[in-house]
Amino acid sequence: MDNIAGTVLNQTIIMFIIVVIGALCYKIRIINDDGKKQLSALVLNVVNPLLIFLSYQTDFRTDLVEGLVWSGIMGALTFAVFIGISFLFLRNKNNGDAVIERFSVIYSNCGFMGTPLIFGVFGSDGVFIMNGFFTMFNLFVWTHGIMSMKGEKNGKTLLKAFRTPAIIAVAAGLICFFFQLRLPDIPFQALNSIAEMTTPLAMIVAGASIMSAGILNSIKNPRVYLIAALKNLIYPIIGLALIIFLPCDDLYKLIVLLEIACPTAAIGTMFAISYNKNAEYSAKIFAVTTILSGLTLPLISFIGTEVLKLI
């Protein structure tokens with residue numbers, strides 16, 4: 001626990017160096033909008049799911065199962081509370097973008113940015129434990145998230161949550177883990193080589209997305225900083241307060257805290273485009289929260305480790 005805040009800082013710096021490279025690639029047109037979308041699809045549908053699946057290719061350990069279950073419980077608890085309090089912080093009155101703002105503060109980039117962060121700090125065991133939270137993220141974002149964007153309730157959207165590549169990877173990984181089904185060495189090495197591209201590819205896409213959002217216009221919008229303060233600081237602190245006294249290992253709590261503290265989920269902009277919401281505003285929130293997370297992620301990890309020492 002003592003060195004985790006420093007490790008998070010180091011990993012964040014590494015990730016943001018790659019983000020800058022991604023932004024430069026977009027600026028000089030090595031990556032265009034079509035290329036950004038294709039790389040994003042590659043990360044979401046192939047690279048991240050492989051990293052998740054391969055984290056289950058390990059010996060059966062009760063502490064990992066315990067961490068997975070607690071991570072899921074903490075995910076369900078925090079998402080439910082965040083949905084409730086978002087109506088207190090961000091009201092509909094005279095705010096046509098309230099839906100965008102609520103989505104942005106509730107849902108973090110826990111898969112796209114959180115997975116490489118957790119892997120860099122805690123290794124494959126951390127990714128294994130994180131998957132409980134990530135499963136809850138997918139269930140909530142593909143039910144509450146998509147219904148709030150559409151402005152309607154539809155139980156069929158729950159089925160989409162179970163068809164996402166990440167959830168399929170979790171299900172397949174769990175089967176392999178509990179039955180101790182292991183890939184042969186050569187296929188494992190091939191898939192692992194792809195999985196190890198998670199951090200560079202995800203951060204290059206993040207950098208390109210920030211640049212395409214129009215960074216100068218983004219940082220000039222004062223409302224965005226209120227949303228960023230809620231997403232990157234207030235909600236993680238509330239999340240810490242919700243989970244701090246739960247009877248589980250502090251490591252599980254810290255993993256979940258870092259997932260909560262990640263910036264706004266990139267999928268929010270995709271939903272905004274699909275359902276005719278203010279996608280430009282959503283992209284600006286994504287850009288500013290991602291940039292500021294370079295400071296807030298290490299800060300939240302430091303606060304979390306110090307508070308957990310006192311409990």
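# Exercises on a predicted helical model

Ile 244 is placed in the loop between helix H11 (222-243) and helix H12 (250-261), and the model in which this loop is read is a predicted one.

**Exercise 1. Determine whether Ile 244 is buried or exposed, and which residues beyond its sequence neighbours it touches.**

Step 1. The relative accessible area of Ile 244 is 7%, and because buried means under 20%, Ile 244 counts as buried.

Step 2. Once the neighbours within four places in sequence are set aside, the contacts of Ile 244 are Lys 253, Val 307, Leu 308 and Ile 311.

Step 3. Of these partners, Lys 253 can be placed by its number in helix H12 (250-261), while Val 307 and Leu 308 fall in helix H14 (279-310).

Step 4. As a distance to check in the coordinates, the C-alpha atoms of Ile 244 and Leu 9 are separated by 22 Å, with the two positions 235 residues apart along the chain.

**Exercise 2. Classify the ring pairs Phe 60 with Phe 177 and Phe 103 with Tyr 107, and describe the surroundings of each ring.**

Step 1. The structure holds 17 aromatic pairs, and one of them joins Phe 60 and Phe 177, with 5.1 Å from centre to centre and 25 degrees between the planes; because planes under 30 degrees apart count as stacked, this pair is stacked.

Step 2. The pair links distant parts of the chain, since Phe 60 sits in the loop between helix H2 (33-54) and helix H3 (62-89), whereas Phe 177 belongs to helix H7 (residues 165-178), 117 residues apart.

Step 3. The two partners differ in accessibility: Phe 60 is partly exposed at 41%, whereas Phe 177 is buried at 0%.

Step 4. For Phe 103 and Tyr 107 the ring centres lie 4.9 Å apart and the planes stand at 50 degrees, so the pair is tilted; Phe 103 is buried at 2% relative accessibility, and Tyr 107 is buried at 0%.

Step 5. Phe 103 and Tyr 107 also belong to one aromatic cluster, whose other members are Phe 79, Phe 133, Phe 134, Phe 137, Phe 140, Trp 142, Phe 271 and Tyr 275.

**Exercise 3. Find where Arg 29 lies, what its phi is near, and over which ring face it lies.**

Step 1. Arg 29 lies in the loop between helix H1 (4-27) and H2, where it is partly exposed with a relative accessible area of 49%.

Step 2. Its phi is near 70 degrees, a positive value in a residue other than glycine.

Step 3. Arg 29 lies over the face of Tyr 26, at 4.9 Å from the ring centre.

Step 4. A further non-glycine residue with positive phi is Gln 180, near 55 degrees, which lies in the loop between H7 and helix H8 (185-195) and is partly exposed at 31% relative accessibility.

**Exercise 4. Describe the volume and lining of the largest pocket, and then the packing of H13.**

Step 1. The volume of the largest pocket is about 890 Å³, and 36 residues line it, with Ser 40, Leu 44, Ala 266, Ile 267 and Met 270 nearest its centre.

Step 2. Two or more lining residues come from each of H2, helix H5 (114-150), H7, helix H9 (198-212), helix H13 (267-274) and helix H14 (279-310), and H2 has the largest share, with 8 residues.

Step 3. Sorted by class, this lining has 21 nonpolar, 11 polar and 4 charged residues.

Step 4. In H13 the buried residues are Ile 267, Gly 268, Thr 269, Phe 271 and Ala 272, and they pack against helix H4 (98-106), H5 and H14; Ile 267 is thus named both here and among the residues nearest the pocket centre.

Step 5. After H13 comes Asn 276, with a positive phi near 60 degrees.

**Exercise 5. State how many cavities of 30 Å³ or more the structure holds, and what lines the largest cavity.**

Step 1. The structure holds 1 cavity of 30 Å³ or more, and about 40 Å³ of space lies in the largest cavity.

Step 2. Its lining consists of Thr 78, Phe 79, Phe 82, Val 105, Ile 106, Ser 108, Phe 133, Lys 231 and Ile 260, and by class these are 6 nonpolar, 2 polar and 1 charged residues.

Step 3. H3 and H4 each supply at least two residues of this lining, with H3 giving the most, 3 residues.

Step 4. Phe 79 and Phe 133 appear in the cavity lining and also in the aromatic cluster of Exercise 2.

Terms used:
Residues numbered from 1 in each chain as written. Predicted model: local features only at pLDDT ≥ 70, side-chain atom pairs only at ≥ 80, totals over all residues. Heavy atoms only, no water. Phe/Tyr/Trp six-rings, centres within 6.5 Å; stacked < 30°, edge-to-face > 60°. Helix = DSSP H or I, 4+ residues; strand = E, 2+ residues; numbered from the N terminus. Buried < 20%, exposed > 50% of the residue type's maximum accessible area, 1.4 Å probe, protein only. Lys NZ or Arg CZ within 6 Å of the ring centre and 35° of its normal. 1 Å grid on protein atoms, 1.4 Å probe; cavity = no way out; pocket = protein on both sides within 12 Å on 5 of 7 lines; lining within 4 Å. Points joined across faces, edges and corners; volume = space filled by probe spheres on them. Nonpolar A, V, L, I, M, F, W, Y, C, P; charged D, E, K, R; others polar. Contact = heavy atoms within 4.5 Å.
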